[in-house]
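Please walk me through this protein model. Start with the overall fold, then go on to the cores and the aromatic rings.

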Amino acid sequence: MPEREIISTKQSASLAKDVFKITSSEKSLIQDLKDTAQANNLDCLSAPALGAFKKITVLRERQDEDFIVMINPVIIDGFGEKVILESDSLKNEDKFRLLAEMILVEYQNEFSENVQRMFTDYSSYYIQVEVGEFENESP
């Protein structure tokens, strides 16, 4: 499938709704997320970035791996602390975020299976930012 234009702002992510059933529409969106992330060399991309207000995120931990599909992700617990410096070149400002080094996330995969999984390092960071934006509580 062709890649789609990335259009969202952080505000649109807070409009995302839970997914209760994985239909052909969600399957198509998941493929679009994977294709768009791949084409733009992104490790993480969520549905609101493509204008679809659903809590679906794809994450790739390594360039040579397939994407992990997370539907309705929820951070169950976090362990350790890590301060991250983020630069916003558009606003010409830097800010610090305090994030957990390791997180336990519960989500549904594209096969409607419930999954609990630990994530660390940058995967943990990406998920904390994406899930925070869904809840309008980005760290």
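The paragraphs below go from the whole chain to single residues.

This is a predicted model. The protein has 3 helices and 7 strands. Along the sequence their order is α-α-β-β-β-β-β-β-β-α. Two helices thus open the pattern, and a helix closes it.

Some totals come next. The protein has 139 residues, and 42% of them count as buried. Its accessible surface is about 8,200 Å². Carbon and sulfur atoms hold 48% of that surface. Now take the contacts in the protein with a separation of 6 or more. Residues 24 or more positions apart make up 57% of these.

Turn to the interior. The largest nonpolar core has 16 residues. Leu29, Leu33, Leu45, Ile56, Val58 and Ile71 touch the most other members. Three elements each supply at least two residues of this core: helix H2 (24-39), strand S2 (56-59) and strand S3 (68-79). Helix H2 gives the most, with 4 residues.

Ile56 shows how such a residue is surrounded. Set aside its neighbours within four places in sequence. Ile56 is then in contact with Val19, Glu26, Leu29, Ile30, Leu33, Leu45, Ser46, Ala47, Val69, Met70, Ile71 and Phe134. Among these partners, Leu29, Leu33, Leu45 and Ile71 are also named with Ile56 as core members that touch the most others. Apart from this core lies another, of 12 residues. Its members include Ile68, Tyr107, Phe119 and Ile127.

Phe119 leads on to a strand pair. Strand S6 (residues 102-108) and strand S7 (residues 114-120) run antiparallel and pair over 7 bridges. Phe119, in S7, is the bridge partner of Ile103. The hairpin of S6 and S7 has 5 residues between the strands. There, Ser112 takes a positive phi near 65°.

Next come the aromatic rings. The structure holds 3 aromatic pairs. What is the geometry of the pair Tyr122 and Tyr125? The ring centres are 6.4 Å apart and the planes meet at 85°. Edge-to-face needs an angle over 60 degrees, so the pair Tyr122 and Tyr125 is edge-to-face. Both residues lie in helix H3 (residues 121-134). They are 3 residues apart, about one turn of the helix.

Tyr125 also pairs with Tyr126. Here the centres are 5.8 Å apart, with 55° between the planes, and the pair is tilted. Ring pairs thus link Tyr122, Tyr125 and Tyr126 into a cluster.

Is each ring residue of this cluster buried, exposed or partly exposed? Tyr122 has a relative accessible area of 58%, so it is exposed. The cut-off for exposed is over 50%. Tyr125 has 17%, so it counts as buried. Buried means under 20%. Tyr126 has 27% relative accessibility, so it counts as partly exposed.

One more residue of helix H3 deserves a look. Val129 has its place in that helix. With a relative accessible area of 11%, Val129 is buried. Val129 and Leu99 are 30 residues apart in sequence. In space, they are 9.2 Å apart, C-alpha to C-alpha.

Definitions and conventions:
Residues numbered from 1 in each chain as written. Predicted model: local features only at pLDDT ≥ 70, side-chain atom pairs only at ≥ 80, totals over all residues. Heavy atoms only, no water. Phe/Tyr/Trp six-rings, centres within 6.5 Å; stacked < 30°, edge-to-face > 60°. Buried < 20%, exposed > 50% of the residue type's maximum accessible area, 1.4 Å probe, protein only. Contact = heavy atoms within 4.5 Å. Areas by Shrake-Rupley, 256 points an atom, 1.4 Å probe, with all protein chains shown as cover. Pairing = 2+ DSSP bridges. Core = buried A, V, L, I, M, F, W, Y, C linked by side-chain atoms within 4.5 Å.
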